[in-house]
Amino acid sequence: MKVKFIKYLFLGLFSGFLFSCSSYKIENVEFSDFSTNREIQLKKVNNLRALGNIKNLQGRFLKDSLIYRSADLHKLKDLKKIKQLNIQQIIDLRTENEIFKKPDIIIPTINYQHYPAYTDKEDQLNQARKLVLKGKVNANDAYNRMIKFYQEYPTENPDMIKTIITEILDSDVPILYHCTAGKDRTGIISAFILKILKFDNETIYQEYLLSNNMRKDLIQKRLNKAKHLHFIFPKADLKVLEKLSWIEEDYLNATFEEIDKKYGSFENYTKTILNISDEKRNYYINKFTYNKK
């Protein structure tokens, strides 16, 4: 049972009870070489950016302002800015429990859809939190479960992944998709979109790791707060919070390696699971990219 509980640690385990001030030293974090100028500032919404202005293997550039990614919209207040971005469709990748506790702010003029690729029917997140506070989970456990999640997310419910990818690529309006932190589920979906549009691995990983750059201040505050409150939960391993807050290349590697293992290659996964033919793929590439003159 413990192993099942640990699976849900990454969903925001320590949020909600952390507050205060002393400094926690951050080490060995993988940051992107991409500039954080890509971040879109929107009050109470974290990790918001558009996929755009990057070059694929064919020398074509991804059109800007069509595909957006972010953390949850639970505290969204600046509806005017959302309208300025012309976002007309939102996909929520979170579980039913996450949405129940922190529902997105719904904007009547925007089409909202909920596509969870896995569920948390037994509220295992709360059980996992208790295990952490009792010192029953260490950083190695957290790392291994993150690897396991990245392996399972695209393969446990492939029909839902197909629905998500198809909905994004078939959209004729600017679309935003998100999970809780906008780094794991959102990161995997973004990597798949870029892979389908024939971007090289270096670009895909740099875009993926950009979540670390954009969330650095937020994570630092959380680590500081956790350190300050550690006397309340002395058995809790603060390294667990580090593992759950940052993303690593190893995590995304685990996704693609599992796809290679189960389906032979991402190309086969694209054709057989996502049902995207070469013709359809070329259509998407022409739709979302352009040649600079």
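Asp-260 is found in helix H10, and in this predicted model that is a handy place to begin. With a relative accessibility of 40%, Asp-260 counts as partly exposed, because that value falls between the 20% limit for buried and the 50% limit for exposed. Asp-260 also has company: together with Glu-30, Asp-33, Glu-202, Glu-249, Asp-250 and Glu-257, Asp-260 makes up a patch of negative charge on the surface. Helix H10, which covers residues 249–263, supplies the largest share of that patch, with 4 residues.

Positive charge gathers on the surface as well. Lys-43, Lys-44, Lys-75, Lys-77 and Lys-102 form a positive patch there. One of these, Lys-44, sits in the loop that runs between helix H1 (2–6) and strand S1 (49–51). Its relative accessibility comes to 43%, so Lys-44 is another residue that counts as partly exposed.

Stepping back, what does the protein chain as a whole look like? It has 12 helices and 7 strands. There are 293 residues in the chain, and 53% of them count as buried. The surface that the chain does expose adds up to about 13,600 Å², with carbon and sulfur atoms supplying 48% of that area. Contacts give another view of the fold. Among the contacts in the chain with a separation of 6 or more, 78% are between residues 24 or more positions apart.

Asn-213 offers a close-up of such a contact pattern. This residue belongs to helix H8, which spans residues 201–228. Is Asn-213 buried or exposed? Its relative accessible area is 18%, so Asn-213 is buried, the cut-off being under 20%. Once its neighbours within four places in sequence are set aside, Asn-213 is in contact with Phe-31, Ser-32, Phe-34 and Thr-36.

Next come the salt bridges. A search of the whole structure turns up 14 of them. One links Asp-172 with Lys-287, and their closest N and O atoms are 3.5 Å apart. Asp-172 lies in the loop between helix H6 (158–170) and strand S6 (175–178), while Lys-287 lies in helix H12 (residues 278–288), so this pair ties together parts that are 115 residues apart in sequence. The two partners are covered quite unlike each other: Asp-172 is exposed, with a relative accessible area of 69%, whereas Lys-287 counts as buried at 16% relative accessibility.

Another salt bridge joins Asp-184 to Lys-183, and here the closest N and O atoms are 2.6 Å apart. Both Asp-184 and Lys-183 are buried.

Lys-243 and Glu-248 form a salt bridge too, with 2.8 Å between the closest N and O atoms. Lys-243 counts as partly exposed, because its relative accessibility is 24%. Glu-248, by contrast, has a relative accessibility of 14%, so Glu-248 counts as buried. Elsewhere, Arg-49, Arg-69 and Glu-207 are joined into one network by salt bridges that share partners.

Technical notes. Residues numbered from 1 in each chain as written. Predicted model: local features only at pLDDT ≥ 70, side-chain atom pairs only at ≥ 80, totals over all residues. Heavy atoms only, no water. Patch = residues over 30% accessible without salt bridge, like charges linked within 9 Å, V, L, I, M, F, W, Y side chains within 5 Å. Areas by Shrake-Rupley, 256 points an atom, 1.4 Å probe, with all protein chains shown as cover. Salt bridge = Lys/Arg side-chain N within 4 Å of Asp/Glu carboxyl O. Lys, Arg positive; Asp, Glu negative; His and termini not counted. Charge placed at Lys NZ, Arg CZ, Asp CG, Glu CD. Helix = DSSP H or I, 4+ residues; strand = E, 2+ residues; numbered from the N terminus. Buried < 20%, exposed > 50% of the residue type's maximum accessible area, 1.4 Å probe, protein only. Contact = heavy atoms within 4.5 Å.
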